[in-house]
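Dear colleague,

I am passing on the structure below, together with notes on the surroundings of its ligand and on one of its pockets. Please read them alongside the model.

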Amino acid sequence: MAASKTKCIGILTSGGDCPGLNAAIRGVVKAAIGSYGIKVVGFLDGFRGLVQNRTIALDDRAVSGILTQGGTILGTARDKPHKMPVGGKKMDMTDAAVENIRKHHIDCLVCLGGGGTQKNAYHLHKEGGIDVLTLPKTIDNDVAETDITFGFDTAMNIATDAIDRLHTTATSHHRIIVCEIMGHNAGWLALGAGIAGGADVIMIPEIPYDLKAVAAHLEKRRMSGKRFSIIAVAEGAISKAEAKAAADGKKKKDKGAEVVVERDADGQPYHLVQEPKASQIARQLQQLTGTEARVTSLGHVQRGGSPSPRDRFISSILGTAAADALAEGNYNNMIAVKGDRSEPVPLKDVAGKKKIVPADHPSIISAQRLGTCMGV
Ligand code: F6P
């Protein structure tokens with residue numbers, strides 16, 4: 001058993017679930033206990049369980065068999081310690097969180113999560129004075145200062161498989177198929193799956209789209225004899241008009257929904273229909289091109305099921321690297337992926353930042369070289 005400056009840790013998972021979380025928990029727990037004799041306290045349901053002091057003891061038995069399981073055995077939530085919903089109000093529960101950490105004699109709180117979790121962990125460190133260590137998780141791959149987040153590879157496999165399958169109906173019915181892919185702020189997943197799946201159009205939040213340009217591209221395809229098209233749309237994609245309105249501060253970027261009011265025979269509105277972005281795009285492209293369009297929104301399917309081998313690998317490497325950092329007393333960092341290895345990066349350089357797709361990213365250039373329309 002090697003020496004360790006850390007005797008006891010807490011661990012929690014926060015934000016959207018994703019494949020690889022359990023593999024990461026397993027990596028931290030097995031290495032912390034097995035190599036350093038560190039005690040591990042699991043907090044349930046993210047920061048909410050920390051504030052409410054809901055825990056489970058994590059030992060080798062508790063993490064046995066979870067490497068291949070999706071989701072998180074700890075449960076998760078999107079709550080923030082300093083804006084915790086209590087009785088319909090958002091309360092600052094930082095003190096309660098700190099008190100529970102002290103109660104368990106925890107030296108460092110390990111937080112597995114996306115951008116929001118990185119920010120909340122750093123806030124807890126700055127305002128609560130506790131030591132934290134984080135791992136980068138999300139299918140969006142939009143956490144700053146790491147080459148990749150676990151969850152992304154599995155989601156890219158799922159979304160690519162979906163695009164492959166959608167080619168079947170598109171070619172049979174000579175249709176436009178719009179496939180909505182997760183990614184509110186960053187288009188990494190839509191870009192990756194779009195290229196891997198051979199999508200003809202890829203629309204990402206970073207490149208506001210012009211549907212007329214997309215329609216012209218589809219028309220060019222039709223004139224060249226291609227009677228179908230597949231469009232990969234990130235759920236956060238916005239039109240040039242929406243981007244301009246947002247830039248002018250006129251209108252918050254809508255969450256990909258246009259309000260369509262349905263009316264009865266007398267013209268009276270009878271209910272409000274929120275039209276998801278992908279449906280809006282499909283409807284408008286059908287009008288612009290005269291080609292039948294259909295929509296498939298992949299939603300949470302992209303976060304389901306067993307993690308890919310690559311995600312299990314990344315999660316395990318990051319989890320064990322976290323245990324090494326804990327043993328060295330090397331706190332308040334995120335354990336990032338850098339090239340073919342892991343590396344602790346200061347959490348202050350991660351918190352509050354997003355990693356979005358640069359307009360000149362090589363993947364975008366490659367997509368364009370393949371003749372893919374990027375929405376403009
Ligand atoms: O943050 C990951 C993510 O899957 C996003 O891609 C998606 O927009 C969001 O979570 C969905 O959040 P929820 O699971 O809370 O509906």
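In what follows, Ala, Val, Leu, Ile, Met, Phe, Trp, Tyr, Cys and Pro count as nonpolar, Asp, Glu, Lys and Arg as charged, and the others, Gly among them, as polar. The model is predicted, with local features needing pLDDT of at least 70 and side-chain atom pairs pLDDT 80 or more, while totals for chains, interfaces and linings use all residues. Residues are numbered from 1 along each chain as its sequence is written, and side-chain values use heavy atoms, leaving out hydrogens and water.

The residues around the ligand (a heavy atom within 4 Å of it) include Thr138, Asp140, Met182 and His184, and by class this shell divides into two nonpolar, four polar and four charged. Among polar contacts (N or O atoms paired within 3.5 Å), a polar side-chain atom of Glu235 lies 2.5 Å from a ligand oxygen, one of Arg78 lies 2.7 Å from a ligand oxygen, and an N or O atom in the side chain of His300 is 2.9 Å from a ligand oxygen. The protein buries 71% of the 400 Å² that the ligand exposes when taken alone (Shrake-Rupley method, 1.4 Å probe).

The second largest pocket (an open set of points on a 1 Å grid where a 1.4 Å probe fits, with protein on both sides within 12 Å along at least five of seven lines; lining residues have an atom within 4 Å of a point) has 13 lining residues, with Phe152 and Trp188 among those nearest its centre. Its lining comprises six nonpolar, four polar and three charged residues. Because domain 1 (8-151 + 307-349) and domain 2 (154-303) both give residues to that lining, the pocket lies between them (bounds from an automatic or database assignment).

With best regards

Terms used:
Polar contact = N/O pair within 3.5 Å; in protein donor to acceptor, adjacent residues only side chain to side chain.
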